[in-house]
Amino acid sequence: MHDQPKATMENDILLEVNGLKKHYPIKKGVFSSTVGTVKAVDGVSFSVSRGETLGIVGESGCGKSTTARLVIRLLQETEGSIRFAGKELTSLSKGELRGVRRDMQMIFQDPYASLHPRWTIERTLMEPMLVYGMGSRGEQRDRVLELLGNVGLNPSYAKRYPHEFSGGQRQRIGIARALVLQPQLIIADEPVSALDISIQAQVINLLQDLQEQYKLTYMFISHDLSVVRHISDRVAVMYLGRIVELAEKEKLFETPMHPYTQALMSAVPEVDGEKRERIILRGDVPSPAKPPTGCTFHTRCSSCMEICKTEIPVLKKAADGQLVACHLYT
Ligand code: SF4
């Protein structure tokens, strides 16, 4: 059983993930025999309360985007449970899932790739309403204009095409599209990584305003600690398919406990205005096809002990609700 981290408003949990795994078999040879497994997500547990923003941070390949795609059902899990608004998603039929899907929407890193190049913005934003049979044509058009205004775009842009917009404007369109069906949960996967720094802050501020306006719950995925710090209430740090630390934002940034979190923080001294001693991590992130035994971080950790090489540390409460998976705290 996993030590299940609880959200801050425990009795109003919208999303609860427990022991989630996504393993891919590695096939080889003419007979495609399985020669190994890539453990992209390997036993992730967390919960998100209504109105909360959970940040998920980690280097590329740590499993954060796979976790997002599992939650929103773009991928099928290997194992584990995903409860959303009281429903177990992993056992729903396709038809039942369709109803739930409108309550969870995703914002992607590259809005241009996710917008149909030959559709006007109006058509792009109307499409989900057509699919779900929401309102009359007139009401759908009114909603498009309202949404464009809400994301800071001139409603007169409705007849334009994606290529006529800047990167920041296109991401605003991506956000409007995510809002069309009035979802409860929005999963934003690196939503500002492709944008200029100056535009990033505007888009983050917009997401915060919309969260207040529509009482939204966010899962916010990023490799950028400064961005995650700005928007999150709590933050989960992932490494090689597992959560290694999960805490309220202030605690995590003031007293990072896991050596990996400490190393990540030390790379962005401007995060809290004071200089932290830079911790240089040894080597690269190991391949998830061949993760190290025991604590998967042991090959890069300067505090590594003998036990770390053989025993997997469990994510558990170390201090004040701060959850950490490290033998230093057991
Ligand atoms: Fe380092 Fe051991 Fe903690 Fe892993 S369990 S982070 S190797 S001290």
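In the hairpin formed by S4 and S5, Ala-85 adopts a positive phi near 50 degrees, and 2 residues lie between the strands. The model described here is a predicted one. The pairing of S4 with S5 is antiparallel and consists of 2 bridges. Within this pairing, Phe-84 is placed opposite Lys-87 of S5. Phe-84 also takes part in the pairing with S1, as the bridge partner of Leu-15 in S4.

The hairpin of S4 and S5 belongs to an open sheet of 4 strands, arranged in the order S2-S1-S4-S5 with antiparallel pairing. At the edges of this sheet are strand S2 (33–49) and strand S5 (87–88), each of which pairs on one side only.

Strand S1 (residues 13–28) runs antiparallel to strand S4 (residues 79–84), to which it is joined by 5 bridges. Along this pairing, Lys-21 faces Glu-79 of S4 as its opposite residue, and Glu-16 stands opposite Arg-83, likewise in S4. The pair of Leu-15 and Phe-84 is a further bridge between S1 and S4.

Strand S1 is also joined to S2, in an antiparallel arrangement with 13 bridges. One of the residue pairs is that of Leu-20 with Val-44, the latter located in S2. The hairpin of S1 and S2 has 4 residues between the strands, and Gly-29 in this hairpin takes a positive phi near 80 degrees. A positive phi is thus recorded in both hairpins, at Gly-29 in that of S1 and S2 and at Ala-85 in that of S4 and S5.

Two surface patches were also identified, one of negative charge and one nonpolar. The negative patch brings together Asp-233, Glu-248, Glu-250, Glu-254 and Asp-320. Of its members, Glu-248 lies in strand S10, which spans residues 242–248. The relative accessible area of Glu-248 is 34%, so this residue is classed as partly exposed, and because membership of a patch requires over 30% relative accessible area, Glu-248 qualifies on this criterion.

The nonpolar patch consists of Met-305, Ile-307, Leu-328 and Tyr-329, which together present about 300 Å² of accessible area. Tyr-329 is situated in the segment that follows strand S12 (322–324). With a relative accessibility of 33%, Tyr-329 is likewise partly exposed, and therefore satisfies the requirement of over 30% that applies to patch residues.

Methods. Residues numbered from 1 in each chain as written. Predicted model: local features only at pLDDT ≥ 70, side-chain atom pairs only at ≥ 80, totals over all residues. Heavy atoms only, no water. Patch = residues over 30% accessible without salt bridge, like charges linked within 9 Å, V, L, I, M, F, W, Y side chains within 5 Å. Areas by Shrake-Rupley, 256 points an atom, 1.4 Å probe, with all protein chains shown as cover. Salt bridge = Lys/Arg side-chain N within 4 Å of Asp/Glu carboxyl O. Lys, Arg positive; Asp, Glu negative; His and termini not counted. Charge placed at Lys NZ, Arg CZ, Asp CG, Glu CD. Buried < 20%, exposed > 50% of the residue type's maximum accessible area, 1.4 Å probe, protein only. Pairing = 2+ DSSP bridges.
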